[in-house]
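Q: I have a structure open and would like to talk it through. Can we start once it is on screen?

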Amino acid sequence: MKKVLITGFTGFVGSHLAEYLLAEGGYEIFGLYRWRSRLENVTHLLDQVHLVDGDITDAHAMLKLVQKIRPDYIFHLAAQSYVPASWHGPDATVTTNVRGQINLFEAVRSAELACRIQIAGGSEEYGLVYPDEVPITEDNPLRPLSPYAVSKVTQDLLAFQYVQSYDLDIVRTRGFNHTGPRRGEVFVCSNFARQIAEVEAGLHPPVIKVGNLDATRDFSDVRDMVRGYLLALQKGKKGEVYNLCSGRDIRIGDILDQLIAMAGVAITIEEDPDRLRPSDVPILRGSSAKFHADTGWQTTIPFSQTMEDLLNYWRERIQAAGQGS
Amino acid sequence: MSRPGPIVVTGALGFVAGWLITELLASGERVVGLSLIPTGQSPPEQAGPFRRLGDDSSSPGGIRYGSAVGEWTCFPSGLDDPAALERFLRDWQPATVYHLAAQSSAGYSFPNPQETFSCNLGGSLNLLEAIRALPDRERPTLLATGSSEEYGPHAEGKPLHERMRLKPVSPYGVSKAAQSLLCLQYHRSFDLPIIVTRPFSHTGPHHDGRFVFPSFAQQIVAIERGEAAPVIAVGDLSPRRDYLDVRDVVTAYRQLVASGEPGQIYNICSGQALTIQGGLEILLQEARRKIDIATDPDRCRPSDIPYLVGDGTKLRACTGWRPERDFHVTLREMLDWVRKEHS
């Protein structure tokens with residue numbers, strides 16, 4: 001049995017990672033949560049994992065729990081990960097993401113723990129990408145465009161530094177956009193899916209509010225992404241950084257059209273200025289060739305499947321809410 | 001755009017600020033400084049070339065410092081309080097802010113990463129947000145100071161230019177990379193007029209003993225005064241670095257405020273490689289006693305950079321800047337200053 005600590009366990013990715021590890025078998029899971037965390041993503045897993053109360057921004061908590069658990073693998077997913085929130089709350093973002101990771105690393109050092117650590121970075125680190133710079137490889141320049149993205153680059157650089165300075169066994173992943181059932185409604189695909197499900201249920205007039213439809217993004221299914229995270233620790237090389245992506249980019253407007261086609265109801269589209277971001281990145285398409293070479297990973301779930309599953313997730317949620325009232 | 005306000009310097013009581021403020025005053029500029037004074041400590045009687053004169057009667061909380069060149073006012077404050085920073089900038093309406101405040105020791109950053117990030121990244125964030133809160137026409141030009149430590153180790157022999165990948169190997173280097181990226185992001189997102197600099201190693205009189213050449217100088221002077229055995233403790237002497245006189249760096253800062261392009265990064269460097277060993281030999285030649293060398297493992301860092309030499313083409317093309325001072329002379333002057341301090 002390998003002992004696994006997942007920070008950010010109650011989040012979207014954390015919940016899918018835990019599910020996947022439990023399905024794989026052989027992993028004893030410790031899920032870090034804060035007492036105020038919403039547990040709705042993980043209620044179905046609570047009897048199969050150890051819930052550990054702790055905030056990564058608290059050095060004492062991290063020291064004690066790392067020492068007590070002594071995990072073999074640490075998946076460090078906990079972060080303030082919503083870009084728009086980082087605009088009006090840059091300090092909270094930087095504190096959670098940078099201070100939190102330092103606390104984790106220093107806890108591992110103090111415990112003199114030989115474990116593998118995965119740091120969940122993201123494609124937002126690349127930031128401003130020019131059309132002639134795609135597909136994005138790990139050597140692309142980092143031009144972060146939001147306080148969140150700066151904090152993620154900082155996490156990335158910090159992880160590299162701790163490998164060099166203290167020989168911590170850290171693998172960094174840069175996951176491009178990922179979505180699927182349970183994705184928070186503030187994220188674009190889930191937001192569209194929710195709006196459409198509400199229209200279908202007659203809870204909302206047949207109008208969808210959207211931001212910039214012309215941006216393109218490289219989307220993967222979260223279930224492929226978490227498979228990649230495990231492979232990163234099983235086969236990834238210490239100190240390396242890897243892109244995890246499908247290698248295909250899709251226009252946000254085309255995602256919307258796909259979802260609307262699945263809805264089977266006529267829906268009109270309305271641009272909402274509040275959804276436009278101060279610095280939007282026009283195009284993101286990555287290459288995961290490096291990760292594939294070291295681990296054999298690639299995406300397997302077709303995007304249409306992900307969208308169908310996401311739409312059905314919202315349909316079920318809305319139906320369940322209706323039955324409850 | 002002509003502005004009524006003074007020039008603001010953060011980290012005003014520090015080493016580099018002492019030289020920058022000297023140059024600013026010599027040019028007839030009005031200067032107001034911010035500097036963190038540790039709780040329970042009094043503002044220092046001497047800060048670099050400046051002597052404490054007393055309270056500033058016209059500015060409550062301000063402390064007056066002066067030298068032969070002129071006087072300026074220091075407000076004891078770090079960059080931890082965003083509201084206070086905003087009020088400060090609104091009150092003073094500076095034309096320019098030279099942001100020198102930092103935890104600036106790579107060696108210190110290894111055992112103190114949180115403090116390093118709080119100061120360098122957190123403090124910078126507060127400053128950027130305070131500037132962002134000002135109406136567009138009231139925003140000062142910000143000169144941010146990064147570090148060559150941001151580059152980390154790269155292939156030897158090829159001077160580092162501004163587009164090289166950042167691979168810092170100290171928490172200090174990471175914090176400065178983060179600071180630089182945050183500054184660039186705030187420029188892109190909010191059009192703040194920010195110029196980012198990446199100075200390579202610099203030293204000179206008044207540099208404190210945590211840094212390598214001042215540390216050697218202090219040991220040499222202690223030996224000359226018979227206060228220590230004639231052995232100097234050193235760390236790794238092999239790293240090849242790009243050394244500058246602090247006074248040349250300060251000149252570059254001023255030239256960039258005048259002519260640099262906001263949103264750009266500029267190396268400040270000589271392009272000449274010198275090993276720490278080479279610098280030590282220069283100091284030992286100046287020493288008045290024969291001195292042996294002993295390696296002290298505590299002075300070696302967990303991870304270091306063997307080659308850190310810069311490509312200064314971009315700055316030279318922008319302002320014509322070249323280092324004017326001979327580093328041999330810089331080291332000699334620094335040693336003489338340590339001797340004077342101890343006499």
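What follows is a short chat about the contact between the chains and one sheet.

Q: What kind of model is this, and how are residues numbered?
A: This is a predicted model, where local features need pLDDT of at least 70, side-chain atom pairs count only at pLDDT 80 or more, and totals for chains, interfaces and linings use all residues. Residues are numbered from 1 along each chain as its sequence is written, chains are lettered from A and ligands numbered from 1 in the order in which they are written, and side-chain values use heavy atoms, with hydrogens and water left out.

Q: How many residues does each chain put into the contact?
A: Chain A gives 30 residues and chain B gives 28 residues, where contact means heavy atoms within 4.5 Å.

Q: Any salt bridge there, and which residues form it?
A: The rule finds 1 salt bridge across the interface of chain A and chain B. A:D139 pairs with B:R165, and their closest N and O atoms are 3.5 Å apart. The term means a side-chain nitrogen of Lys or Arg within 4 Å of a carboxyl oxygen of Asp or Glu.

Q: Which helix of chain A gives the most to that side?
A: α5(A), with 12 residues. Helices here are DSSP runs (H or I, at least four residues), strands likewise (E, at least two), numbered from the N terminus.

Q: New topic: what order do the sheet strands take?
A: In chain A, 7 strands form an open sheet in the order β3-β2-β1-β4-β5-β6-β11, with parallel pairing. Two strands pair if DSSP finds at least two bridges between them.

Q: Why is one side of β3 and of β11 left without a neighbour?
A: Because β3 (50–53) and β11 (241–244) of chain A stand at the edges, each with a single partner strand.
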